[in-house]
Each structure stands twice: as structure tokens, then as C-alpha cells.
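User: I would like a close look at one part of this protein, the sheets and the helices packed on them. Could you take me through that part step by step, and finish with any enclosed space?

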Amino acid sequence: MASEQVALSGALRRAEVKKNVAAIHVSGKLTLLQRKLSNVLLLNAYDTLIHKQSHAIDARTLCTMIGYNSNDMETLKQSLRGLVETSAEWDMLDENGQQEWGVSSLLAYAKLKGGVCEYSYSAALAEKLHDPKVFALINLNIQRRFTSGHALALYENCYRFVRTGSTGWWPLDLFRRLMGVNDSAYYEVFKHLNAKVIKPAVAEVNKTSNIIVTPETRKMGRAVTEIRFKIAKNPQLSILDLDDGEGVRNEPVYEKLIGQGVSDRLARQWIKEHGAAHVADKIDYVAARKGVQNPVSYLTAALRDDYIEEKASVAAPQSERAKRLSRLRDLVNGRSPTQRDADKRLFMSRLDDAGARLDFENHGWMSGLNAEAIFEFWEDLMPGAFDDL
């Protein structure tokens with residue numbers, strides 16, 4: 001899961017504003033693959049997490065996003081089974097000071113059918129996962145770089161506290177649980193825990209991610225009883241190009257998008273893909289239209305098809321190629337942001353020619369140089385998608 005212990009950070013800790021203080025613990029061991037899988041599933045479902053009872057993503061996209069053989073369905077089944085069998089437990093105070101305890105499976109259910117993975121969260125857990133005061137999403141660009149489950153677990157549990165600069169003190173038994181080694185007698189000895197878990201995990205987090213963590217311990221007598229991690233932003237962040245979204249959120253156009261009901265993640269995605277000025281132009285375009293019932297849907301189309309004033313009088317495309325391109329746009333726009341990212345990376349991996357790769361980078365799915373390969377790719381991804389044209 002993207003976090004196993006979460007607490008408020010930064011401005012949310014101001015005394016005059018009482019907010020939830022939550023801790024989400026995950027029981028049992030999660031492998032590196034299961035951790036990555038859990039984060040991708042949550043990201044895929046996030047925008048409709050509390051509005052839809054079930055979510056779906058095609059299995060091949062899912063495999064691509066977590067970085068393993070897309071034909072290895074047995075490994076995927078085993079990982080999904082592990083998430084369903086693993087429980088999340090929280091213990092929190094609400095804004096009225098009332099205690100709330102709860103427990104839920106990480107996934108309520110998961111199934112694979114027709115190349116699609118369908119899954120669901122319990123309503124109570126979905127509410128917690130969707131609340132940014134309680135939980136935060138992991139950047140998948142960072143996640144892809146991790147090769148150790150212990151390192152990813154440490155990163156997930158430290159990242160929440162980057163604005164406060166410290167995780168606070170954790171009893172060693174809690175830390176072992178967060179690292180998934182609480183059932184091993186070997187790791188009850190701090191020397192072993194430090195050598196095999198803490199030091200390697202710290203080294204990978206500091207080398208791989210957008211934060212630097214420094215462990216500190218507290219003793220009772222000669223025995224180490226507690227541990228905490230001091231946290232600072234990694235100065236190599238700009239080199240790694242792992243933007244956490246804070247810069248985008250400072251753009252005036254971001255506030256306009258949020259004000260119109262666009263989700264945080266979609267707003268950041270649009271600004272990153274199209275640029276703040278272009279998005280602002282399309283907001284103005286939609287605002288000038290009369291009788292718009294759903295501004296967000298209209299804005300989505302305006303950005304997707306680059307609406308301009310003259311477009312209103314243009315006849316629908318009639319050529320076979322134009323129809324195929326129109327269908328292709330519909331297929332692409334029907335995918336979630338997570339799926340679209342995976343689709344592009346999967347297609348790019350098939351391009352050996354440097355010129356073809358450059359043309360796709362510049363023009364995306366409208367790349368003329370790759371037109372036939374693009375249609376073949378989508379026909380393979382969604383058989384029969386163009387049959388009626």
C-alpha cells in the first residue's frame with residue numbers, strides 16, 4: 001500500500017485547524033511487486049474511488065506499470081491474492097476528538113476476466129485512501145526505481161512526513177511491522193535489523209528517491225528501543241525530474257481548474273501535457289460557449305481536439321483515414337491517465353528506429369510516421385476496435 005503509517009504534516013498541523021490524525025498499518029508481508037501493484041491500482045482508481053464500487057484496468061497495462069512480463073498472469077494472480085488477504089488497520093481522532101478504529105482488507109476483491117483486472121475497496125478504506133489529509137499517493141516515476149521491498153516500504157512511511165522533517169519516534173516492534181519482518185526472530189536483534197534492513201533501505205531511498213532520510217535511535221539502557229527518521233528533500237530532485245506537483249499547484253490556471261470541479265491529478269496532468277497558457281485558453285473558450293451543461297467534459301474535449309472558434313463549422317471527417325483517427329482519439333481518451341501512460345511506454349518499447357521514436361515523442365498517437373504501427377498496436381490492444389469503419 002502507498003502508506004502504512006500516516007500523520008498530518010506541514011500546514012495541516014497548525015493548532016487553530018484541527019484535522020484528522022490517522023495511522024494506517026498493514027499487517028503481513030508485502031513483496032516489492034505487491035507494493036508496486038497496490039500503488040498502481042490505487043492511482044488507477046483514485047479519481048472515482050469514493051463514487052464507484054469497482055474499478056478496472058486491463059491486465060497487460062497493469063503488468064507494464066509494475067514492470068514485469070505482461071504474459072505472467074500467475075504472478076499477477078498471486079500478488080492480487082496477497083492484497084486481498086492482507087489487512088489494513090487504522091486508529092484515528094476526527095475533528096471532534098472522537099476515536100475511530102477500523103480494519104479492512106487492502107482489496108475487497110479482485111478478478112481477472114477477458115484480459116481485464118476488476119477490483120474493489122471497502123467503502124470505509126476507500127474513504128481514508130481518498131482523503132489527502134490522511135493519505136497521499138506515491139509518484140510512480142519514483143516507485144519504478146526501487147528494487148527492494150524494504151526500501152520502498154521505508155520510503156512510503158517516511159514520505160508522508162517530508163514537511164515536518166521527521167517521522168517521530170517509532171517503537172522498534174512497530175518499525176519491524178512496517179518493514180514486514182515482525183515475525184522473524186532474527187530481526188529481533190537490532191544489529192541484524194540494522195545491517196540487513198535499515199542500512200540498505202536508507203541507502204536505496206537516498207539514492208533513488210526525492211527525499212533523504214537519516215535514522216536516529218533511542219535507547220533504554222544499552223538496548224535500542226525506538227527509531228525515527230529525519231527527512232529532507234533530495235537536492236537531486238530536479239535532475240531526476242520527479243516533480244511532486246507542488247509547482248503546478250501554484251499556477252493560477254490550476255485554481256481555475258479545481259474551481260470547475262476538475263480533480264487534482266487531472267488538473268496537474270493537463271497543465272503538464274498542454275502547458276498553463278494553452279489550458280487557460282481552453283478554459284476561456286469553454287466559458288464563452290452558451291448552454292454548456294458539463295463544463296469539465298466540454299473542457300476535456302476542447303483540450304483533446306484543440307477546439308478553436310472555427311471548428312464549430314467544420315464538417316465531420318468523411319475519409320476512411322480520418323474516421324480511423326477519430327476512433328483512435330476516442331480509444332485513447334477512454335483510457336485512464338495510468339493506462340495512457342502505460343500505453344505510450346509499451347508502444348515506444350516497440351520502436352527501434354530513432355526517427356520513428358522522435359516523431360512519436362513529438363506527435364503522440366497522431367504520429368504520421370508511425371500511423372500503421374499505431375493502428376496495429378490498438379487493434380492488438382482492443383481487437384475489433386476499427387472493424388465497423
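Analyst: Happy to. Let's begin with a pair of strands: S5 and strand S6 (residues 116-120) run antiparallel and are joined by five bridges. Please keep in mind that this is a predicted model.

Two of the pairings between these strands are handy landmarks. Lys-111 has Glu-118 as its bridge partner in S6, and Lys-113 stands opposite Val-116 of S6. The hairpin of S5 and S6 has two residues between the strands, and Gly-114 takes a positive phi near 60° there.

Now step back to the sheet that holds this hairpin. It is an open sheet of three strands, in the order S2-S6-S5, with antiparallel pairing. Strand S2 (55-58) and strand S5 (109-113) are the edge strands, each pairing on one side only. From one strand to the next, the twist averages 20°.

Two helices lie across parts of this sheet. Helix H1 (residues 32-45) lies across S2 and S6, and its direction is at about 115° to S2. Helix H3 (residues 73-85) lies across S5 and S6, running at about 160° to S5. If you are turning the model on screen, S6 is a useful strand to follow, since H1 lies across S6 along with S2, and H3 lies across S6 along with S5.

Before we move on, here is a general point for reading any sheet. In a regular strand, side chains alternate between the two faces of the sheet.

The next stop is another open sheet of three strands, with the order S7-S9-S8 and antiparallel pairing. Its edge strands are strand S7 (170-171) and S8, and each of them pairs on one side only. Strand S8 (residues 211-220) and strand S9 (residues 223-233) pair over ten bridges in the antiparallel sense. On the other edge, S7 and S9 also pair in the antiparallel sense, over two bridges.

You can walk along S8 residue by residue to see how S9 is matched to it. Val-213 stands opposite Ile-231 in S9. Further on, Thr-217 has Ile-227 as its bridge partner in S9, and the bridge partner of Arg-218 is Glu-226. Glu-226 is worth a second look: this residue of S9 is also the bridge partner of Pro-171. As for the turn, the hairpin of S8 and S9 has two residues between the strands, and Gly-221 takes a positive phi near 70°.

A helix goes with this sheet too. H6 lies across S7, S8 and S9, and runs at about 90° to S8. H6 also meets a helix: the axes of helix H6 (residues 149-159) and helix H7 (residues 172-179) come within 9 Å and cross at roughly 120°. That crossing angle makes H6 oblique to H7. On the H6 side, the contact is made by His-150, Ala-153, Leu-154 and Asn-157, while H7 brings Phe-175, Leu-178 and Met-179. Sorted by type, the residues of this contact are five nonpolar, two polar and no charged.

Which residues, finally, surround the enclosed space you asked about? A word on the idea behind the search helps here. Rolling a probe the size of a water molecule over the atoms shows where empty space is left. Across the whole structure, the search finds one cavity of 30 Å³ or more, and the largest cavity holds about 30 Å³ of space. Its lining is made of Arg-321, Leu-325, Leu-328, Trp-365, Met-366, Ser-367, Ala-371, Ile-374 and Phe-375. Helix H15 (320-333) and helix H18 (371-381) are the elements that give two or more residues to this lining. By type, the lining divides into seven nonpolar residues, one polar and one charged.

Conventions: Residues are numbered from 1 along each chain as its sequence is written. This is a predicted model: local features need pLDDT of at least 70, side-chain atom pairs count only at pLDDT 80 or more; totals for chains, interfaces and linings use all residues. Side-chain values use heavy atoms; hydrogens and water are left out. Axes are lines fitted to C-alpha atoms, for helices over the stretch in contact, and angles run from 0 to 180 degrees between N-to-C directions. Helices (H or I, at least four residues) and strands (E, at least two) are DSSP runs, numbered from the N terminus. Angles under 35 degrees count as roughly parallel, over 145 as roughly antiparallel, 65 to 115 as roughly perpendicular and the rest as oblique. Contact means heavy atoms within 4.5 Å. Ala, Val, Leu, Ile, Met, Phe, Trp, Tyr, Cys and Pro count as nonpolar, Asp, Glu, Lys and Arg as charged, and the others, Gly among them, as polar. On a 1 Å grid over the protein atoms alone, a cavity is a set of points where a 1.4 Å probe fits but cannot get out, and a pocket is an open set with protein on both sides within 12 Å along at least five of seven lines; lining residues have an atom within 4 Å of a point. Grid points are joined across faces, edges and corners, and a volume is the space filled by probe spheres set on the points. Two strands pair if DSSP finds at least two bridges between them.
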